[in-house]
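Hi,

Here's the structure I said I'd pass along. Have a look at it first, and my notes on what turned up follow below.

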Amino acid sequence: MKPTVRFLPIFLVCLLGASAASFGQPEVKRTRDTSAARDAQRIQPWTENPRYWQYRGQPVLLLGGSKDDNLFQIPDLEEHLDEIVRAGGNYIRNTMSDRKDFDFEVYPFKPLADGKYDLDQWNEEYWKRFENMLRWTAARDIIVQIEVWDRFDYSTANWPPHPYNPKNNVNYTHEASGLAPEYPDSAVRNRQPFFFTTPKQRNNPVVLKYQQRFVDKMLSYSLQYDHVLYCIDNETSGEEAWATYWAEYLHRRATEAGKQICVTQMWDAWDLKAEEHRRTLDHPERYQFVDVSQNNHRKGQQHWDNFQWVRQYVAKHPRPVNTTKTYGADGFRFGDNRDGLERWWRHVIGGVASARFHRPPAGLGLSEPAVASLRAARKLESLVKLWEVEPDASHSLLSDRANNEAYLAAAPGRAYVLYFPDGGSVGLDLRKHPGRYTLCWIDIGTGEWAGTKDVDGGGVATIAAPKKGHWLAGIVRQDN
């Protein structure tokens, strides 16, 4: 049964406005310190609508943008987290990556005097940074999606200096580990034996032992917190057996610690209908949510249609669908600013459980356009909760719509949300739903309210954006 729609009085929202704080979670009553009570507080699919997340017992839409992926390593993390919160964000991606993109990254293993590393000893600075990130995000109600492995850390120029490379550690040799001094091919080609160590692959216990040790160390910190999601890899083209092994390993370790967690895998295929994605889509018992970030290589109607196909595919076992990486920023090969904004908004209107702008230069990060979108989304949320409307997947309620002109989510007769990527005008079918509605415009370019008007039901209402540019229309029945 769908949850009851409860909309705020329009005159209060549109005239007084909504602050970024309006999405904060209501205070939760303290309960007895039982295992069940603690579990209810964790991030998990919402019991009333499992396509969305709940945290501390309340539904929550996860939105974000940040300037880096391995945020726990950046030196100004606290300040950046505060910037995210001020913009309306409550969601970050945190890869466990240690590659030397900048001069502040450190490896997780202890460096020795001779320049090598001991994989049996830890670099406490790395883990202190990780623990700080968990503590600071928990204090700000920011959900963290961890990616355990990033294939780009272990190939091309990142492999020769890495501690896992046998020439750089005192724990195993090239012969014993089966790892070569160099892997010059792109990580996309999946030729690094590091990702074939599990028993049902090449069964390499020499290296797997240290991979397990790293994951156990990570979990020793993260399992103390309730605001963490787990993704095994970054846009992998690896074997299914690798993902299966680590998904089961994460769940087993969590169970041993008396915890429940949510795990996914992020596949590399841009086509969401590809067989690769069925490895996650077909196994809700193993993967409690789905990440379809690679859909953000698509554009326009195809981008929308592919995402709607996934939502329909998992309808028998509905789960949150996350997009932790929204590509698109001027000057980069994955699309420009317009592509980044359109992709982010099509997913938000289309029913995504999380949407995050990818870090620069491949995405908008926490740039001015990204901040404006976060603010606009929270204003929209003060009118209509996205989990209380359904995406109009085939645009059946819209007429006179050109390709990629407008996208709709609706609770027919109660509330409608329209997104215009670049202005335009469409007909909204209200023929079965007479009455009076209030339309509130939100300018995505500024993140601000942009006026209201009355709309009459009982017919086809023409909804025209104020001008070119990205626009939101929140339309709510006045007697709700």
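Glu235 sits in the loop that links strand E9 (228-233) to helix H7 (240-256). Keep in mind that this is a predicted model. The phi angle of Glu235 is near 35 degrees, so a positive value in a residue that isn't glycine. As for its surroundings, Glu235 has a relative accessible area of 11%, which is under the 20% cut-off, so it counts as buried.

There's another positive phi at Asp141, near 55 degrees, and again the residue is not glycine. You'll find Asp141 in the loop between H4 and strand E8 (143-149). With a relative accessible area of 25%, Asp141 is partly exposed, because that value falls between the 20% and 50% limits.

While you're around H4, check how that helix packs. The axes of helix H4 (residues 124-139) and helix H6 (residues 205-222) come within 10 Å and cross at roughly 35 degrees, and the crossing is right-handed. On the H4 side the contact is made by Glu124, Tyr126, Trp127, Phe130, Glu131 and Leu134. H6 brings in Phe214, Lys217, Met218, Tyr221 and Ser222. Sorted by class, that contact of H4 with H6 has seven nonpolar residues, three charged and one polar.

Next, a backbone detail for your setup scripts: the peptide bond from Pro360 to Pro361 is cis, with omega near 5 degrees. Pro361 is placed in the loop between strand E13 (354-357) and H11.

H11 itself covers residues 368-383. How far should its 16 residues span at 1.5 Å a residue? The expected figure is 22 Å, and the end C-alpha atoms are 23 Å apart, so the two agree. H11 is also mostly covered, with 13 of its 16 residues buried.

Last one: an open sheet of three strands, in the order E1-E2-E3, with antiparallel pairing. Its edge strands are E1 (44-45) and E3 (58-60), each of which pairs on one side only. E1 is joined to strand E2 (residues 53-55) by two bridges, and these strands run antiparallel. Across that pairing, Pro45 stands opposite Trp53 in E2.

Shout if anything looks odd on your screen.

Cheers

Methods. Residues are numbered from 1 along each chain as its sequence is written. This is a predicted model: local features need pLDDT of at least 70, side-chain atom pairs count only at pLDDT 80 or more; totals for chains, interfaces and linings use all residues. Side-chain values use heavy atoms; hydrogens and water are left out. Two strands pair if DSSP finds at least two bridges between them. Helices (H or I, at least four residues) and strands (E, at least two) are DSSP runs, numbered from the N terminus. The expected span of a helix is 1.5 Å times one less than its number of residues. Buried means under 20% relative accessible area, exposed over 50%, partly exposed in between (1.4 Å probe, protein chains only). Axes are lines fitted to C-alpha atoms, for helices over the stretch in contact, and angles run from 0 to 180 degrees between N-to-C directions. A crossing is left-handed if the near helix is turned anticlockwise from the far one by less than a right angle, and right-handed if clockwise. Contact means heavy atoms within 4.5 Å. Ala, Val, Leu, Ile, Met, Phe, Trp, Tyr, Cys and Pro count as nonpolar, Asp, Glu, Lys and Arg as charged, and the others, Gly among them, as polar.
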